[in-house]
Amino acid sequence: MNLATIIPCVVAAISNISFLTLWFMTVYRELRSKINTVKIAENQLAACRKKHMMSGSSSDEQAARSILSRSMDIYNQSVTLYNQALNRPWNRIPGYLMGFRSIK
């Protein structure tokens with residue numbers, strides 16, 4: 001093997017490693033932001049459930065039920081968006097390798 005064949009191989013290897021690193025970083029950033037949104041929605045839903053359980057009068061209960069319903073919708077939408085992002089073809093393999101899984 002001479003220098004004329006080694007240099008292109010090294011350049012190709014560095015190029016491939018750079019591409020894969022950028023790809024995985026981009027997927028990680030996207031999926032991490034989506035999962036953080038799911039966690040925030042989950043915390044909001046837990047707080048709304050607690051408030052709903054503690055509501056005493058019927059008017060408080062009706063307001064708490066309305067807020068609980070909206071919080072549940074927000075949580076379901078955030079889970080759906082996360083699962084859609086995870087199942088995109090360009091996110092599926094790196095996401096799986098980095099430990100991201102679908103939320104049921």
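**Exercise 1. Architecture and overall dimensions**

In what order do the elements of the protein run from the N terminus on? Then determine whether the fold is compact or spread out.

*Solution.* The model under study is predicted.

Step 1. Reading from the N terminus, the order of elements is α-α-α. The protein accordingly contains three helices and zero strands.

Step 2. For 104 residues the globule rule gives 13 Å, whereas the radius of gyration of the protein is 23 Å, well over that value, so the protein is more spread out than a compact globule.

Step 3. The spans of the C-alpha trace along its principal axes are about 85 × 20 × 15 Å.

**Exercise 2. Burial, surface and contacts**

State what percentage of the residues count as buried, and describe the exposed surface and the contacts.

*Solution.*

Step 1. Buried residues make up 22% of the 104 in the protein.

Step 2. The exposed area of the protein is about 7,600 Å², of which carbon and sulfur atoms supply 64%.

Step 3. Consider the contacts between residues at least 6 apart in sequence: 61% of these join residues at least 24 apart.

**Exercise 3. Charges and the salt bridge**

Count the charged side chains, then identify the salt bridge and locate its partners in the chain.

*Solution.*

Step 1. There are 13 positive and 5 negative side chains in the protein, and a distance of 11 Å separates the centres of the two sets.

Step 2. Side chains of opposite charge can pair when their charged atoms come close. The criterion for a salt bridge is a side-chain nitrogen of Lys or Arg within 4 Å of a carboxyl oxygen of Asp or Glu. By this rule, one salt bridge is counted.

Step 3. The partners are Glu30 and Arg88, whose closest N and O atoms are 2.5 Å apart. Glu30 belongs to helix 1 (residues 3-54), while Arg88 lies in the loop between helix 2 (58-86) and helix 3 (89-97); the pair, 58 residues apart, thus links distant parts of the chain.

Step 4. Glu30 has a relative accessible area of 24% and is partly exposed. Arg88, at 29%, is likewise partly exposed.

**Exercise 4. The setting of Asn83**

Is Asn83 buried or exposed, and which residues does Asn83 touch, not counting those up to four places away in sequence?

*Solution.*

Step 1. Asn83 is located in helix 2.

Step 2. Buried means under 20% relative accessible area. Asn83 has a relative accessible area of 15%, so Asn83 is buried.

Step 3. Leaving aside residues up to four places away in sequence, Asn83 touches Ser102 and Ile103.

Note on methods:
Residues numbered from 1 in each chain as written. Predicted model: local features only at pLDDT ≥ 70, side-chain atom pairs only at ≥ 80, totals over all residues. Heavy atoms only, no water. Helix = DSSP H or I, 4+ residues; strand = E, 2+ residues; numbered from the N terminus. Rg over C-alpha atoms; globule rule 2.2 N^0.38 Å. Buried < 20%, exposed > 50% of the residue type's maximum accessible area, 1.4 Å probe, protein only. Contact = heavy atoms within 4.5 Å. Areas by Shrake-Rupley, 256 points an atom, 1.4 Å probe, with all protein chains shown as cover. Lys, Arg positive; Asp, Glu negative; His and termini not counted. Charge placed at Lys NZ, Arg CZ, Asp CG, Glu CD.
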